[in-house]
Amino acid sequence: MESGPAIFAGTAFALFGAALLLWTGVRVMHRAPVAQGVSPATAVALTTLSGVVSLALGLWCFGRV
């Protein structure tokens, strides 16, 4: 019974993290701004960090199943 919420949370975190990393990579490759009003280096660093943390949380949730 407890594995259902862990699977849902793991899927949500993993999909969000992977999509955020993919989106950031595409924006950087096209030299488009990642966030408006923020220095490019800061925006790339923070979005990459957020994507990696979210992906790690998703993997952690899957490990708890």
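1. Let's start with L57, a residue of helix α2. In this predicted model, L57 is partly exposed, with a relative accessible area of 35%. That value sits between the 20% under which a residue counts as buried and the 50% over which it counts as exposed, so "partly exposed" is the right label.

2. Which residues join L57 in the nonpolar surface patch? The patch is made by F13, L46, L49, V53, L57 and W60, and covers about 580 Å². Helix α2, which runs over residues 40-63, gives the largest share of this patch, with 5 residues. If you are looking at the structure for the first time, L57 makes a handy starting point for finding the patch, as one of the residues that form it.

3. Now stay in helix α2 and look at T47, which also lies there. Is T47 buried or exposed? T47 is buried, because its relative accessible area is 17% and the cut-off for buried is under 20%.

4. What does the side chain of T47 do with its polar atoms? One polar contact goes to the side chain of T24, at 3.4 Å. The T47 side chain also reaches a backbone oxygen, that of V44, at 3.2 Å. Setting aside neighbours within four places in sequence, the residues in contact with T47 are L20, T24 and V34. T24 therefore appears twice in the picture of T47: as a polar partner and in this list of contacts, while T47 itself is buried at 17%.

5. L20 and T24 lead us over to helix α1, where both are among the buried residues. The others in that buried set are A6, G10, A14 and G17. What covers them? The cover includes α2, the helix in which T47 lies.

6. A quick check on the geometry of helix α1, residues 3-29, is worth a moment. At 1.5 Å a residue, its 27 residues should span 39 Å, and the end C-alpha atoms are 38 Å apart, so the two values agree.

7. Finally, have a look at what follows α1. R31 comes after that helix, in the loop between α1 and α2. Its phi is positive, near 55 degrees, although R31 is not a glycine. Why is that worth pointing out? Most residues other than glycine have a negative phi. R31 is also exposed, because its relative accessible area is 78%, and the cut-off for exposed is over 50%.

Key:
Residues numbered from 1 in each chain as written. Predicted model: local features only at pLDDT ≥ 70, side-chain atom pairs only at ≥ 80, totals over all residues. Heavy atoms only, no water. Patch = residues over 30% accessible without salt bridge, like charges linked within 9 Å, V, L, I, M, F, W, Y side chains within 5 Å. Areas by Shrake-Rupley, 256 points an atom, 1.4 Å probe, with all protein chains shown as cover. Salt bridge = Lys/Arg side-chain N within 4 Å of Asp/Glu carboxyl O. Helix = DSSP H or I, 4+ residues; strand = E, 2+ residues; numbered from the N terminus. Buried < 20%, exposed > 50% of the residue type's maximum accessible area, 1.4 Å probe, protein only. Polar contact = N/O pair within 3.5 Å; in protein donor to acceptor, adjacent residues only side chain to side chain. Contact = heavy atoms within 4.5 Å. Expected span 1.5 Å × (residues − 1).
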